[in-house]
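Hi there,

Here is the structure I promised to pass along. Have a look at it first, and my notes follow below.

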Amino acid sequence: EAERMRVSVIGTGYLGATTAACLAEMGFDVLGVDVDEAKVEMLRRGRVPFFEPGLDELLTENLPTGRLRFTTSFAEVAEFADLHLICVGTPQLDDSGAADLSYVNSAVDRLAPHLHRPTVVVGRSTVPVGTAATLAARMAALAPVGAEAELGWSPEFLRESFGVKDTLQPNRIVIGTDSPRVEKAVRALWQQQIDEGVPFLVTDMQTAELVKVSANAFLATKISFINAMAEVSEAAGADVMKLAEALSHDDRIGGKFLGPGLGFGGGCLPKDIRAFMARADELGVEPALSFLREVDAINQRRRARTIDIARQLIGGNFAGRTVTVLGAAFKPNSDDIRDSPALDVASTIASLGAHVTVYDPQAMDRAREEHPQLNYAPSMMEAAEGADVVLLLTEWTEFREANPEKLGEVVTQRKIVDGRNALDPTYWRSSGWIYRALGRQ
Ligand code: UDX
């Protein structure tokens, strides 16, 4: 049997942990490295530091075989691997919207001094176009082997809550490099997928970096487009759900990411469009992306509109009222609350004087930590007790399948704002609820 390729994964956050476990599952020898000792210790024990369907099973299967290991030592990682994957985060730096590159920089700074033999390093993180070239120069300067340590960029496209599937069955592999050695290493990594027909695209580094941010910009634009149509529908007396359905049958448009509602949040789309605008500004092409400012503004207006509808429903004032918020995660099947539209709405309503109680099937601990001023209940029913109005803000299946009769028995008033167009209005109205949604009458 040919020797298995040894791969290191730098960073064991959401992207890194998922990538490491999936590569081990695919049969590679994987060593994950992180400066966060607590995280490394958890992963060694087979515990995932966040909620991601299917990931704990992969850890439990692959840790005992020795194919998957974790360390805090960059020297060990440099000694071990033929291919290094940079999977650290690039959060928003400040109000300018620019990306914080300190984690990618420090990944290179920690690894490079240990690179004594020819090596391939491939970045997977989402970075502003031009970052990879800067990192390549930085690495060559710091590595004892010099230019024999080569760097390429291969963005990932995984969605949270589908991270395992999106890694094992990607819809394309993109590698930005002009080095045959880098291309060969990345091709070897995904050979199974390529054999199964997954497109493999080789580009220059800049294009590869751009593929990721432009994909996310497009997705954000699609969501804001349908939410702009929701605004018009509200004013014109139309129904955006029917509109979206009719649009979706045109396969040039398609039905995915055309779901109107409270809009996008999370650790990627919001910060990526802002970082993209900041970078365009630096490149002197600011007007090319000024439409993304509108995309962001439309998205923010949905939150304000949701609050307005709830306020109207309870007679114009939140002060002293009891409000139930269903959902805290930025989307279902995740415990991620970064830029969560649900928690943004909940905390604004609380700041307007309402008594707000939140329930979420997975994100309660994180929400409690970040928003201690809100109240939390251990179940949907308990959260709804005494409510003057209920807001559904993250479309978990548990909420989609809620029984309006049962819920109606514990609330004070049967009033609901469906922020995700997740419920059947006829069904809820037939149980005596006043039902309001975004983009419909
Ligand atoms: C996104 C991209 O999909 C992924 O390819 C990239 O690698 C990272 O960013 P993620 O942030 O995990 O992934 O979430 P996604 O499923 O894309 O949803 C983003 C947000 O858009 C969520 O808040 C979701 O509620 C919202 N959304 C999505 C809508 O409001 N309407 C839709 O039709 C689809």
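**What I found**

Gly265 is buried, because 23 other C-beta atoms lie within 10 Å and 20 or more are enough to count as buried. Please keep in mind that this is a predicted model. Gly265 sits in the loop between α11 (240-248) and α12 (269-282). Leaving aside residues up to four places away in sequence, Gly265 touches Pro270, Phe330, Asp339, Ser340 and Pro341.

Gly265 also appears in a UniProt record: the unreviewed entry lists a "binding site" at Phe157, Leu158, Arg159, Glu160, Lys212, Phe257, Leu258, Gly259, Pro260, Gly261, Gly265 and Lys331. These positions span 175 residues of sequence and are spread in space too, with up to 24.5 Å between C-alpha atoms.

Another position on that list is Glu160, which lies in the loop between β6 (149-153) and α7 (163-168). Glu160 is buried as well, because it has 24 other C-beta atoms within 10 Å. Its contacts, not counting residues up to four places away in sequence, are Tyr14, Glu52, Gly266, Ser334 and Asp336.

Now to the nonpolar interior. The largest nonpolar core contains 132 residues, and Leu326, Ala346, Ile349 and Leu391 have the most contacts inside it. Helix α10 (residues 205-236) supplies the largest share of this core, with 12 residues. Leu326 touches Leu391 and also Tyr359, Met380, Ala383, Val390, Leu392, Leu393 and Phe399, again not counting residues up to four places away in sequence.

Best wishes

Definitions and conventions. Residues are numbered from 1 along each chain as its sequence is written. This is a predicted model: local features need pLDDT of at least 70, side-chain atom pairs count only at pLDDT 80 or more; totals for chains, interfaces and linings use all residues. A nonpolar core is a set of buried Ala, Val, Leu, Ile, Met, Phe, Trp, Tyr and Cys residues joined through C-beta atoms within 7 Å. A residue is buried if 20 or more other C-beta atoms lie within 10 Å of its own, exposed if 12 or fewer, and partly exposed in between; C-beta atoms are placed from the backbone. Helices (H or I, at least four residues) and strands (E, at least two) are DSSP runs, numbered from the N terminus. Two residues are in contact if their C-beta atoms, placed from the backbone, lie within 7 Å. UniProt positions are given in the numbering used here, feature names are shortened, and annotations may be inferred rather than shown by experiment.
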